[in-house]
Amino acid sequence: MFKVNEYFGGKVVSIGFQTETLPATVGVMAPGEHEFCPNKKETLTVVSGALTVKLPDQDDWQTFKPGESFEVSPNRAFQLQVAVDTAYLCTYE
């Protein structure tokens, strides 16, 4: 079954599901700044729009565009800046 999650007053909405191999979410982020701290290894792929990300232990921000991905280790907070509505796919290990 699907599980709908809403964060930051509805600025981030995701639908959780099980792929053939891993649990995943698909969702949309509205413009804003957000911080997440996953409890599992997370691979986030931008589907449309763009995410500017400050990964753990990094000083610089990186922008990821459609088709590009980044990974975050469990229990490591990362920051996001979202300039336009952005769709994403996230898998968890």
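Which residues does leucine 80 touch, not counting residues up to four places away in sequence? Keep that in mind while you load the model, which is a predicted one. Select leucine 80 and show what surrounds it: Met29, Gly32, Glu33, His34, Phe36, Leu51, Thr52, Val53, Trp61 and Phe70.

**Stop 1: the core around leucine 80**

Stay here and add some more side chains. Leu80 is among the residues with the most contacts inside the largest nonpolar core, along with Met29, Leu51, Val53, Phe70 and Phe78. That core has 17 residues. To see where they come from, color strands S5 (42-48), S6 (51-54), S8 (69-72), S9 (78-82) and S10 (86-92), each of which gives two or more residues to the core. As a bit of background, nonpolar side chains in soluble globular proteins tend to be buried together.

**Stop 2: cysteine 90**

Next, click on cysteine 90, which you'll find in strand S10. Is it buried or exposed? Cysteine 90 has a relative accessible area of 1%, so it counts as buried; the cut-off for buried is under 20%. Skip its neighbours within four places in sequence, and the contacts of cysteine 90 are Pro23, Ala24, Thr25, Glu42, Thr43 and Leu44. Now draw a distance from the C-alpha of cysteine 90 to the C-alpha of glycine 27: it should read 8.4 Å, although the two residues are 63 apart in sequence. Leave glycine 27 selected, as the next stop uses it.

**Stop 3: serine 14 and its strands**

Which residue stands opposite glycine 27 of S3? That would be serine 14, which sits in strand S2 (residues 12-18). Serine 14 is buried because its relative accessibility is 3%. Show its contacts, again without the neighbours within four places in sequence, and you get Lys3, Val4, Asn5, Tyr7, Thr25, Val26, Gly27 and Tyr88.

Zoom out a little to take in the strands on either side:

- S2 and strand S3 (residues 23-29) are antiparallel and pair over seven bridges; the hairpin that joins them passes through four residues.
- Strand S1 (residues 3-7) also runs antiparallel to S2, with five bridges between them. To find your place in this pairing, look for valine 4 opposite isoleucine 15.
- The hairpin of S1 and S2 has four residues between the strands, and phenylalanine 8 in this hairpin has a positive phi near 50°.

**Stop 4: a nonpolar patch on the surface**

Move one residue back from serine 14 and pick valine 13, also placed in strand S2. Buried, partly exposed or exposed? Valine 13 counts as partly exposed because its relative accessibility is 31%. Turn on the surface and select Phe2, Val4, Val13, Ile15 and Val26 together: they form a nonpolar patch with about 430 Å² of accessible area in total.

**Stop 5: the salt bridges**

How many salt bridges are there in the model? The count comes to three. Start with lysine 41, in the loop between strand S4 (32-36) and S5. Lysine 41 makes a salt bridge with glutamate 71, and the closest N and O atoms are 3.5 Å apart. Glutamate 71 is in strand S8, 30 residues away from lysine 41, and the pair links distant parts of the chain. Lysine 41 itself is partly exposed, at a relative accessible area of 28%.

Now add glutamate 93, which forms a salt bridge with lysine 41 too, with the closest N and O atoms 3.9 Å apart. Glutamate 93 lies in the segment after S10 and lysine 41 in a loop between S4 and S5, so this pair ties together parts that are 52 residues apart in sequence. Glutamate 93 is exposed, with a relative accessible area of 51%.

For the last click, go to arginine 76 and aspartate 57, whose side chains meet in a salt bridge at 2.6 Å, N to O. Here too the pair links distant parts of the chain: arginine 76 is in the loop between S8 and S9, and aspartate 57 in the loop between S6 and strand S7 (62-64), 19 residues apart. Arginine 76 is partly exposed at 32% relative accessibility, whereas aspartate 57 is exposed at 64% relative accessible area.

To finish, select Lys41, Glu71 and Glu93 together: salt bridges that share partners join them into one network.

Key. Residues are numbered from 1 along each chain as its sequence is written. This is a predicted model: local features need pLDDT of at least 70, side-chain atom pairs count only at pLDDT 80 or more; totals for chains, interfaces and linings use all residues. Side-chain values use heavy atoms; hydrogens and water are left out. Buried means under 20% relative accessible area, exposed over 50%, partly exposed in between (1.4 Å probe, protein chains only). Contact means heavy atoms within 4.5 Å. Two strands pair if DSSP finds at least two bridges between them. Patches are made of residues with over 30% relative accessible area and no salt bridge: like charges are joined within 9 Å, nonpolar side chains (Val, Leu, Ile, Met, Phe, Trp, Tyr) within 5 Å. Accessible areas come from the Shrake-Rupley method with a 1.4 Å probe; for residues, only the protein chains shown count as cover. A salt bridge is a side-chain nitrogen of Lys or Arg within 4 Å of a carboxyl oxygen of Asp or Glu. A nonpolar core is a set of buried Ala, Val, Leu, Ile, Met, Phe, Trp, Tyr and Cys residues joined through side-chain atoms within 4.5 Å.
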